[in-house]
Each structure stands twice: as C-alpha cells, then as structure tokens.
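Biologist: I am new to this structure and should be grateful for a close look at a single part of it. Please choose one segment, explain each term as it arises, and then follow its surroundings outward.

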Amino acid sequence: MSIESVKAHFRQWDKEQDVMEFDTSSATVDLAAETIGVIPARIAKTLSFRGEGEKALLIVAAGDAKIDNKKFRHTFGFKARMLTPEEVLEQTGHAIGGVCPFGLKNELDVYLDVSMKRFDTLFPACGSTNSAIELTNEEIYRYSYAKEWVDVCKGWEESEQEEKVS
C-alpha cells in the first residue's frame, strides 16, 4: 500500500490528485520515460544508500545521472553503498521500482542532486511500479523535506556538454 502512503503524504498540500497511475510499468527510468512520454533524464530516480548507523539516506537524481563515488565520499565522508531491495523496502516502505522520497516509512535524510536543476519539471515515482507525479525542483525539495542540494553524480554533464557542442 505504498502508493497510498504517498497520496496521504501529498494530501497535506492538496496534491494527491496529481499522482498519476499507469496501466503499464514505470519501474525503471526507461519504462517511466516511455510511459510518460519524456526523455529518460526527466525521470527523478531515488537511490537508497547506507547512511550513518542504521539509517538509510536517499539521493534523488536525474534519470541519466550515475553516482560518482569520489564526489559521494567527499560530500558525505563515507563510501557509497547501496541498500539491498529488502533493506530499501524496510527503510522506505517502498519496493524497488516505486521508491520515492515521499510517504516514507521512516524519517530519512533526503538529498537532491544538482543533475535535476536543468529541468523545469521532473517525474519522480509515487511508491508503486506504475505511478509518478510531475513536480518542479522546488516542489520536490519541499515535499521530500530534502536537507540540501548536493553534487554527487556524473554522466549527465557529459551529455549536456555534447548537446552544446553539436
């Protein structure tokens, strides 16, 4: 019932009706992009890592971004280690394919990667493998109770540079 916790989360801003549910899977960046009809980079993916102690930390990044281990270590002071699917469900209340920073089971630290800032709106999942919501960066920041913007990803700058050159 993870999508229900996300809808309940959005209710406080009267946004629960903006959660989109699809007949097809949106469980991966590519599937979500195809289902919604946008480029993969505009899918806001939520990545789950081991934080300090028992608590996970979440990074929300553009769909074409990958974690840069050096930047991650520099920013957080420890090595980037992703959670197992079981740990993700236990920590967030959301199964892989629907993980998002909204309606979380536990209070977790959420960080937003700067890779998303090049878009006016993005589409994060909403707790299920067939859901999403269109939000601005400011809305993602506010609704996820993000701690701060970070620069811990790679891969997206290169594609941005190539676009400028061509």
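Modeller: A residue is called buried when its relative accessible area is under 20%, exposed when it is over 50%, and partly exposed in between, with a 1.4 Å probe and protein chains only. The model is a predicted one, in which local features need pLDDT of at least 70 and side-chain atom pairs count only at pLDDT 80 or more, while totals for chains, interfaces and linings use all residues. Residues are numbered from 1 along each chain as its sequence is written, and side-chain values use heavy atoms, with hydrogens and water left out.

The segment I have chosen is helix 4 with the loop that comes after it. Helices (H or I, at least four residues) and strands (E, at least two) are DSSP runs, numbered from the N terminus. Within helix 4, the residues Val 88, Gln 91 and Thr 92 are buried. These residues cover an arc of only 80° around the axis, so they are on the same side of helix 4; the arc is that of the directions from the helix axis to the C-beta atoms. The face turned away from this buried side carries Glu 86 and Glu 90, both exposed. As for packing, the buried residues of helix 4 lie against strand 2 (43-50) and strand 3 (56-62).

The loop between strand 2 and strand 3 holds Lys 55, which counts as partly exposed at 36% relative accessibility. Contact here means heavy atoms within 4.5 Å. Setting aside residues up to four places away in sequence, Lys 55 touches Gln 91 of the helix, as well as Arg 50, Glu 107, Leu 108 and Asp 109. Although Lys 55 and Leu 108 are 53 residues apart along the chain, their C-alpha atoms are separated by 6.9 Å.

Helix 4 is followed by Gly 93, with a positive phi near 85°. His 94 then lies in the loop between helix 4 (85-92) and strand 5 (109-113). With a relative accessibility of 0%, His 94 counts as buried. A polar atom of the His 94 side chain lies 2.8 Å from the backbone oxygen of Phe 102. Such a polar contact is a pair of N or O atoms within 3.5 Å; within protein, one must be able to donate a hydrogen and the other to accept it, and residues adjacent in sequence count only if both atoms are side-chain atoms. Beyond its neighbours within four places in sequence, His 94 is in contact with several residues, including Ser 2, Val 88, Cys 100, Phe 102 and Gly 127.

Two of these contacts lead further. The first concerns aromatic rings. Rings of Phe, Tyr and Trp (its six-membered ring) pair if their centres lie within 6.5 Å, and planes under 30 degrees apart count as stacked, over 60 as edge-to-face and the rest as tilted. By this rule there are 10 aromatic pairs. Phe 10 and Phe 102 form a tilted pair, because their ring centres are 4.9 Å apart and their planes stand at 50°. Phe 10 belongs to helix 1 (residues 2-11) and Phe 102 to the loop between helix 4 and strand 5, so the pair ties together parts that are 92 residues apart in sequence. Phe 10 is buried, at a relative accessible area of 0%, and Phe 102 is buried, also with 0%. Ring pairs join Phe 10 and Phe 102 with Trp 13, Tyr 143 and Tyr 145 in a cluster.

The second concerns Cys 100, which is buried at 0% relative accessibility. A disulfide is a covalent bond between the sulfur atoms of two cysteines; here it is assigned to a pair of cysteine sulfur atoms within 2.5 Å. The structure holds zero disulfides. The closest cysteine sulfur to that of Cys 100 belongs to Cys 126, and it is 5.8 Å away, too far for a bond. Cys 126 is itself buried, with a relative accessible area of 0%.

From Cys 126 one arrives at Ser 131, in strand 7 (residues 131-132). A polar atom of the Ser 131 side chain lies 3.2 Å from the backbone nitrogen of Cys 126. The side chain of Ser 131 also makes a polar contact of 2.9 Å with the side chain of Ser 128. Ser 131 counts as buried, at 2% relative accessibility. Apart from neighbours within four places in sequence, the residues in contact with Ser 131 include Ile 3, Met 20, Phe 22 and Cys 126.
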